[in-house]
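Morning, everyone. Please have a look at the structure on the screen, and then I'll walk you through it.

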Amino acid sequence: MNALRGAPVNRVPATSVTQVGLVELMEKTGAKWPEAHSNPEFMAKLAAAPYCEVGLETARVPFCLTVQASAMGCEIVMGAMDRQPSVAGHLDVSPDQLRVPEDFLSRGRIPVVLEAVKILKREVGGEVPVIAGFEGPFTLAGHLMGIERLCKMVLRDPQGVERAVQVATEANLLYIKALQEAGVDVLVPCDPLASPAILSPSMFKKFVKPYLEQLVKESKVPIVLHICGNTTPILKDMAEAGFTALSIEEKVEIAKAKEIVGDMSRVVGNIAPAGVLLTGTPDQVREECLKALKDGVDALAPGCGLAPRTPVANIKAMVEAAQSFSR
Ligand SMILES: [Zn+2]
């Protein structure tokens, strides 16, 4: 928590603010996907495993970016033990018809996540931060409207985009309030659809930043923004929105990110989930971690969600790198 806030720490923690459900840990704990997405005890058990079994300083739920979309009425495919749930069907409505259902917080798997947060607080809450990730406003709007349709609307119907992102923000705000009441320590909106690979930096300023600012305003706990890809062109705007920390991928250089955001936000990342953590050796992981630590990362973490088949030995190497490093 101190590392995220920029307070003094005895060493940089090894954590993850993105997806951490691993097949090896599912097998060890018996809490397997897809059941662990819908059963709060399983969700909590699998979320605590990277800490309890490997020493990663995190307990993070859930393992997908579909919880709010599901509660809003989108069709979800629940995946398999090594495949995340995904949004399969969007809402067939115009932006004006979009509404957050009155019983939003009791729909779909929202009660599951809230219950899992409470269990984790009881079980490991005194030792590591309990973290909740969720679809940020632009990504949730994409799930509701259809990603291709929303991207076309950016040029043809900007007002419709604003309306859809505002409704998604309203859902986010209700969810944030409920997560905080459940006792969450850190909030992590993930907005992959707002990546510069998809949305230009000027469109980010118009269609994303003002809505992210609303989330920061509602948040009483540290809030970390994750956006995928090379976010270098929008890092300043991300930090200006007021986030405690920014979670970045390996495509962003740590030193450059630190220079851009200054003391506005801390920087979390950026070990490559596919190129290093999934397919590399523990030695390669250690090397990448030491580079990130030397470059001044505030919390060592995967740059994005972990692939479920990521070897636990590679996560262990990340933990050991943080423990052995002193600045
Ligand atoms: Zn990502």
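Let's begin in the core. This is a predicted model, so keep that in mind throughout. The largest nonpolar core holds 116 residues. Within that core, Leu 246, Leu 300 and Met 318 touch the most other members. Which helix gives the most to this core? Helix H8, residues 158-182, with nine residues. As a general point, nonpolar side chains in soluble globular proteins tend to be buried together.

Stay with Met 318 for a moment. Set aside its neighbours within four places in sequence. Met 318 is then in contact with Ala 14, Ile 271, Val 285, Cys 289 and Leu 300. Leu 300 we have just met: it is another of the three residues that touch the most other core members.

Now step back to the whole chain. We have 15 helices and nine strands. The C-alpha trace spans about 55 × 45 × 35 Å along its principal axes. What would we expect for the radius of gyration? A compact globule of 327 residues would be near 20 Å, and this chain has 18 Å, which agrees. Of those 327 residues, 53% count as buried. Next, contacts with a separation of 6 or more. Of these, 71% are between residues 24 or more positions apart.

On to helix H3, residues 40-54. H3 has 15 residues. From first C-alpha to last, H3 reaches 21 Å, close to the 21 Å expected at 1.5 Å a residue. H3 does have a kink, though. Where is it? At Ala 48, about 40°, shortly before Pro 50.

Is H3 enclosed or open? Eleven of its 15 residues are buried, so H3 is largely enclosed by the rest of the structure. Among the buried ones are Phe 42, Met 43, Leu 46 and Tyr 51. Lys 45 is on that list too. So are Ala 48, at the kink, and Pro 50. What covers them? The cover includes helix H2 (23-29), strand S1 (59-61), helix H5 (110-124) and helix H15 (312-324). Just after H3 comes Gly 55, with a positive phi of about 90°.

Two loops around here deserve a look. The loop between H2 and H3 contains Pro 34. A cis peptide bond joins Trp 33 to Pro 34, with omega about -5°. The other proline is Pro 62, in the loop between S1 and helix H4 (67-71). Val 61 and Pro 62 are also joined by a cis peptide bond, and omega there is about -15°.

Next, helix H6, residues 137-145. How many of its residues are buried? Nine of nine, so to speak the full set. That list runs from Pro 137 to Met 145, and includes Thr 139 and His 143. After H6 comes Gly 146, and its phi is positive, near 100°.

Last stop: Tyr 211, in helix H10, residues 209-218. Is Tyr 211 buried or exposed? Buried, because 25 other C-beta atoms lie within 10 Å, and 20 is enough to count. Leaving out neighbours within four places, Tyr 211 is in contact with Pro 137, Val 165 and Thr 169. Pro 137 belongs to H6, which we just left. Ala 168 is worth finding too. Ala 168 and Tyr 211 are 43 residues apart along the chain. Their C-alpha atoms are separated by 9.1 Å.

That's the tour. Thanks for listening.

How values were computed. Residues are numbered from 1 along each chain as its sequence is written. This is a predicted model: local features need pLDDT of at least 70, side-chain atom pairs count only at pLDDT 80 or more; totals for chains, interfaces and linings use all residues. Helices (H or I, at least four residues) and strands (E, at least two) are DSSP runs, numbered from the N terminus. The radius of gyration is taken over C-alpha atoms; the globule rule is 2.2 Å times the number of residues to the power 0.38. A residue is buried if 20 or more other C-beta atoms lie within 10 Å of its own, exposed if 12 or fewer, and partly exposed in between; C-beta atoms are placed from the backbone. Two residues are in contact if their C-beta atoms, placed from the backbone, lie within 7 Å. A nonpolar core is a set of buried Ala, Val, Leu, Ile, Met, Phe, Trp, Tyr and Cys residues joined through C-beta atoms within 7 Å. The expected span of a helix is 1.5 Å times one less than its number of residues. The bend at a residue is the angle between axes fitted to the seven residues ending there and the seven starting there.
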